[in-house]
Amino acid sequence: MAGMIEVLAAGIGNSIQDRGRFGFRHMGITVSGCLDPLLARCANVLAGNAPEPDCACIEIRAVGPKLQVTSGPVRVALAGEISATLHAAGGDTLAVAPWKSITLTTGDVLAVATLPGGVAYLALAGGVDSPLQLGSRSTYERALIGGIGGRGIVVGNRLACRIVAGAQDERQAPRWRLDDDPIRVVLGPQRNHFKHQALAVFLGSDYVVTNQRDRMGMRLEGQPLAHISAAAADIVSDGVTPGAIQVPGNGQPIILLADCQTVGGYPKIATVIRADLPRLAQLHSGQSLRFAAVSGDQARQALLEREAQWQAWARRIVAVAPDTTAPDEPIISSNW
Amino acid sequence: MATAHHRSAPPASLLPLGDAAWTVEFGDSIDAAVHARVLGFAAALERVRSVASPATGDEAGLWAAIVDVVPTFRSLTVHYDPLRCNGGALGAALLALAETSGSTTRVGRQWTIPVCFDADFAPDLDDLAKAKALSPEAIIALLCQATFQVYMIGFMPGFPYMGGLPAGLEMPRLSSPRKAVPARSLAIAGAMCAVYPWQSPGGWRLLGRTPVPMFSAAEAESPALLASGDRVRWQAIDRREYLEIEAAVAAGAFDRRSLMAMARDT
């Protein structure tokens, strides 16, 4: 028998995502997938899943969902700037912290809290067993594919996962957090559509994340970036990818994210490197950032380092007895 | 890049789209000759990828790291897994391939797609007819005589950007886009023609509607009906035929292959 979790309240901005959908971009189908794949991997391994291939989990972007276990026990884990409240079937109410798995039994209700910004993940042991569509479970609402019925989490959704044996050890790890250095980019593909001065401005001034952001992209605000001519603010559409930084006629950059279209008609001054894509997902509205240009080789090195950094984190996962209460140090520290 | 290439066409350029994609660009305009080079390169790339496996040597390993290939009007973007290959080496191999791939002479699949031009499906047909001093019937006849070429799929899943609109029918976008264009609307903008696969906001001018879905996730191999390089002709149908096909689609009894035309001389 499979484990089952029913959605009692949808929350806001929650969807089923995995590593994404590849091989269909020539049909206009975006990759989708987790905005912060490394953080999703943290949640997955804490829940007891293999890091690769990435299991489908629930991405939380604003208000977490309220879930009830209808067939347990199931193991879940939260990763990110998020917490939850457990209303146990037996009547107790407990605070649930991230970075540690918890085993829920039939009748338990888990109310996931509200995120202050960025994204967080809730992983289920065995992964969310929703239908694979075009090779992925990632939700892509524009084409109504993935997730459950092509939609984000809604009330009444039933999330199948794996039953776990009760009274096993839980898994706990320190917080996974990325650096605050400038966001690294590879310049281009249309850097020659911008004045030389615009490149200096782009790499030398602060840009603020506005509240105009979703899974498709985020608009930034800062010193405008001048094109070499009015005509240079448009191109005959060409391929885009998550991380590409489009600059329309108003000179304000837009960074594309996981659900971005496959082609676009604005020139791209630069593209955020893969190692730093997870950091984009964790930026809060109103936060400012800087960009730094790197070469292709440096980008590759950064990606290998990021991977090694994650492996080092994973080695710090420890088994703890299931009845262990909160650790000495509060897990959600104030320096978030 | 002053090396040998076919028919003294301008050399391709290799543009970095971050550290996980290269755009191989053949020109900066919408032009059938440029697109023929895109298709030629796409075909050459498909050939080398079809035999590539990571076990069969360095270059094969590069091709096996490719995850997505996206042809556009004037370029081809190759997305790859940067942990599975050296991006710089892949870029060099792509550029070398582009210098010898030439232009395609192969004609893509040919489709004849039914369209109903009833007034409620074609809210902009009268305006277009007035602007061009033609009757709506003459506009429909011109549309159905023309052969359209699919340049690329984009904007939304399955949305085909097609060239081949008769020059006399060109018309700019609406100055104020509609909030909701009905799904499967046949539309034109400038020299382009398209069918909206989904209901969506849009500023293109609506001239008819097809009962045939442009995108169907149930077709797991190829959810998008059309692909870059395909040729399309429109066939005018009346409301009864439209409703029959629509009902067949809804019942899962419609075979999209019935729309593939026999090869015809061009």
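In this predicted model, the largest nonpolar core (buried Ala, Val, Leu, Ile, Met, Phe, Trp, Tyr and Cys residues joined through C-beta atoms within 7 Å) holds 165 residues, and the members touching the most others are A:Ala43, A:Cys57, A:Ala79, A:Tyr121, A:Ala123 and A:Leu124. Buried here means that 20 or more other C-beta atoms, placed from the backbone, lie within 10 Å of a residue's own. Helix α1 of chain A (residues 37-46) chips in seven residues, the largest share of this core; helices are DSSP runs of H or I with at least four residues, strands are E runs of at least two, and both are numbered from the N terminus. Setting aside neighbours within four places in sequence, A:Leu124 is in contact (C-beta atoms, placed from the backbone, within 7 Å) with A:Ile5, A:Ala47, A:Cys57, A:Val74, A:Val76, A:Leu159 and A:Cys161.

As for chain A overall, 51% of its 336 residues are buried. Among its contacts with a separation of 6 or more, 77% link residues 24 or more positions apart.

Turning to the two chains, chain A puts 34 residues into the contact and chain B puts in 40. On chain B's side, β3(B) gives the most, with five residues. That side breaks down into 24 nonpolar, twelve polar and four charged residues, where Ala, Val, Leu, Ile, Met, Phe, Trp, Tyr, Cys and Pro count as nonpolar, Asp, Glu, Lys and Arg as charged, and the others, Gly among them, as polar.

Residues are numbered from 1 along each chain as its sequence is written, and chains are lettered from A and ligands numbered from 1 in the order in which they are written. Local features need pLDDT of at least 70 and side-chain atom pairs count only at pLDDT 80 or more, while totals for chains, interfaces and linings use all residues.

Definitions and conventions: A residue is buried if 20 or more other C-beta atoms lie within 10 Å of its own, exposed if 12 or fewer, and partly exposed in between; C-beta atoms are placed from the backbone.
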